[in-house]
Amino acid sequence: MEFNSVVQMRANAWRMDVSNKMQRKVTASASDGVSFNGQLQNAGAADDTTGVENYRKYLEKRYGNVTIQSIGKDRESLEKAGKSMRGNDVVIAPNILEQMAKEPRKAAYYERKIDAFFADIPRQTAICAAKGLDYQPCGVVIHEDGSVTYISGCADSPKRVAEVNAINRAKREKQAALRKASLERALEAKENESETTSDIVVKPDGSRVLVVTMNIGGMETTMSLEISKPTTLPNDCETENEEDEINLEQNRQSLSENLVEGMEREV
């Protein structure tokens, strides 16, 4: 049997146990034949403080986890309260507790509301299970205005949680692989990038040399081409300069093509 199935069975068994215990408490209290308010009357006159405290103890004996506290009806307050509940909690506003301690009808009304929540746990558990969900009861809240809120919910079963986690993990791994492949392609493209620089060097004798340097994939090659002869006459130099300017781009292009062909042959 899978671990998740064992956890699910134990969780369901706990809920059934809570529900059965609450039902036994409710049945036992109803079969006593004497209500709490009747017990107070039989005990004689008692001040308000003693009556409220005794009624609180009675509720704790009947339901277990009873807290006297005012909780708002807004979503944030209810969610905060639900996080601290364990499935068998009862929270009653102080003013409502006083009313219940003094008024038998009001006490009976709210006790029936509390009983209904716990008695419905098995049915809600079955409904959620039929949908592949896990029923999670929290408890009952009786607000200052007398309204009653049942806090519970459904969540994915442990099996479904494991399935979703596996799907998300596979997606993350796929995305990581795609990013790695993209980075590798970018690095490879950069390694294959080519860069060409050229410069004209004038020697002391007046001759000029075109120097072209090419860098392809990290491999650098330099070639030079004489583009003008030595000269001694200024006028001749000017004439040669004009001719050189016309042919400079052609020489540079030709030299670059030769460099590329030579590097390709070396590769």
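1. Aromatic pairs. Five aromatic pairs are present in the structure, which is a predicted model. In one of them, the ring centres of Y63 and F118 lie 6.4 Å apart with the planes at 25°, so this pair is stacked. Y63 belongs to helix α3 (residues 48-63) and F118 to helix α6 (residues 104-119); with their positions 55 residues apart in sequence, the pair links distant parts of the chain. Y63 and F118 are both buried.

2. A second ring pair. F117 and Y150 have ring centres 5.2 Å apart and planes at 50°, so the pair counts as tilted rather than stacked. Here, too, distant parts of the chain are linked: F117 is in helix α6 and Y150 in strand β4, 33 residues apart. The burial of the two partners is as follows. F117 is buried, at a relative accessible area of 3%, whereas Y150, at 37%, is partly exposed. Through ring pairs, Y63, F117, F118 and Y150 are joined into a cluster.

3. Overall make-up. The protein chain contains nine helices and seven strands. Of its 267 residues, 29% are buried. The chain exposes about 17400 Å², and 50% of that area comes from carbon and sulfur atoms. Taking contacts between residues at least 6 apart in sequence, 56% connect residues at least 24 apart.

4. The largest nonpolar core. As a general matter, nonpolar side chains in soluble globular proteins tend to be buried together. Which residues touch the most other members of the largest nonpolar core? They are Y55, L59 and I92, in a core of 23 residues. Two or more residues each are contributed by α3, β2 (89-92), α5 (94-102), α6, α7 and β3 (133-142). Neighbours within four places in sequence aside, L59 contacts G64, V66, I92, L97 and E111. I92 thus appears both among the residues with the most core partners and among the contacts of L59.

5. A separate core. Another core, of eight residues, lies apart from the largest nonpolar core. Its members include A81, C138, V141 and I151.

6. Salt bridges within helix α3. The count of salt bridges comes to seven. One of them joins the side chains of R56 and E60, at 2.3 Å from N to O. R56 and E60 are four residues apart in helix α3, which means that about one helical turn separates them. E60 is partly exposed, with a relative accessible area of 28%.

7. Salt bridges between helices α3 and α6. R62 pairs with E111, with 2.5 Å between the closest N and O atoms. R62 is in helix α3 and E111 in helix α6, 49 residues apart, and the pair links distant parts of the chain. Are these two residues buried or exposed? R62 is buried, with a relative accessible area of 7%, and E111 is buried as well, at 10%. R62 also forms a salt bridge with D115, the closest N and O atoms being 2.8 Å apart. D115 lies in helix α6 and R62 in helix α3, so this bridge ties together parts 53 residues apart in sequence. D115 and R62 are both buried. Elsewhere, E53, R56 and E60 form one network of salt bridges that share partners. E111 is also one of the residues in contact with L59.

8. T149. This residue lies in strand β4 (residues 148-156). Its relative accessibility is 19%, so T149 counts as buried, the cut-off being under 20%. A polar contact of 2.8 Å connects the side chains of T149 and H143. Leaving out residues up to four places away in sequence, T149 touches L78, G139, V140, V141 and H143. Of these, V141 is a member of the eight-residue core.

9. P122. This residue is found in helix α7 (residues 121-130). P122 is partly exposed, with a relative accessible area of 24%. How far apart in space are P122 and Y135? Their C-alpha atoms are 9.4 Å apart, with the two positions 13 residues apart in sequence counted as separation.

Note on methods. Residues numbered from 1 in each chain as written. Predicted model: local features only at pLDDT ≥ 70, side-chain atom pairs only at ≥ 80, totals over all residues. Heavy atoms only, no water. Buried < 20%, exposed > 50% of the residue type's maximum accessible area, 1.4 Å probe, protein only. Polar contact = N/O pair within 3.5 Å; in protein donor to acceptor, adjacent residues only side chain to side chain. Contact = heavy atoms within 4.5 Å. Areas by Shrake-Rupley, 256 points an atom, 1.4 Å probe, with all protein chains shown as cover. Phe/Tyr/Trp six-rings, centres within 6.5 Å; stacked < 30°, edge-to-face > 60°. Core = buried A, V, L, I, M, F, W, Y, C linked by side-chain atoms within 4.5 Å. Salt bridge = Lys/Arg side-chain N within 4 Å of Asp/Glu carboxyl O.
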